[in-house]
Amino acid sequence: MPTNNQEVTAMIEGLNSPQKEICAQLRRLIDREFPALEEKWRWSRPVYATADGNICYMVANKNDVNFGFDHGAKLDDPKGLLKGTGANMRHTKIRKLEELDLDYCQVLLAQAIEIAHTVGEA
């Protein structure tokens, strides 16, 4: 499904740099590499989901972008960048465009989709 939710588009267009560029690049990555993810506007943020449930989200804050995962605690985080203390959710903070590692994000997304599918079957 293409990433064309109008509320998400409006949110990204209204952001300041570097949050605007970070969110736009994450959105392009999801659209290009994970076209089956559905882009939704929930809880005042972009959320990406499959039939198995929510996979990830983006939150643009004043000084960073949180790129988070609903089952992030179960992810194998090769760089150790995921933060959070809850039972499931984890996120990484991206402060500058130069910190955005799309390959790393792609690895996490692929794992998150597989985990959601496994959890959805349980």
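**Exercise 1.** In which loop is Pro18 found? Then describe the peptide bond from Ser17 to Pro18.

*Solution.* The structure is a predicted model. Step 1: the helices that flank Pro18 are H1 (6-13) and H2 (19-33), and Pro18 is found in the loop between them. Step 2: the peptide bond that runs from Ser17 to Pro18 is cis, its omega being near 5°.

**Exercise 2.** Place Arg95 in the fold, classify its exposure, and list its contacts beyond four places in sequence.

*Solution.* Step 1: strand E5 (90-94) and helix H3 (102-121) are joined by a loop, and Arg95 lies in this loop. Step 2: partly exposed covers the range between the cut-offs of 20% and 50% relative accessible area. The relative accessibility of Arg95 is 44%, so Arg95 counts as partly exposed. Step 3: once neighbours within four places in sequence are left aside, Arg95 is in contact with Pro18, Ile22, Asn63 and Asp64. Pro18, in that list, is the residue that follows the cis peptide bond from Ser17. Step 4: for a C-alpha separation, take Arg95 and Glu13, which are 82 residues apart along the chain and 18 Å apart in the model.

**Exercise 3.** Determine the backbone phi of Trp43 and of Ser44, and decide whether Trp43 is buried or exposed.

*Solution.* Step 1: Trp43 lies in the loop between strand E1 (38-42) and strand E2 (45-50), and Ser44 is likewise found between E1 and E2. Step 2: phi is positive in Trp43, near 55°, and in Ser44, near 60°; neither Trp43 nor Ser44 is glycine. Step 3: exposed means over 50% relative accessible area. Trp43 has 52% relative accessibility and therefore counts as exposed. Ser44, with a relative accessible area of 63%, is exposed.

Conventions:
Residues are numbered from 1 along each chain as its sequence is written. This is a predicted model: local features need pLDDT of at least 70, side-chain atom pairs count only at pLDDT 80 or more; totals for chains, interfaces and linings use all residues. Side-chain values use heavy atoms; hydrogens and water are left out. Helices (H or I, at least four residues) and strands (E, at least two) are DSSP runs, numbered from the N terminus. Buried means under 20% relative accessible area, exposed over 50%, partly exposed in between (1.4 Å probe, protein chains only). Contact means heavy atoms within 4.5 Å.
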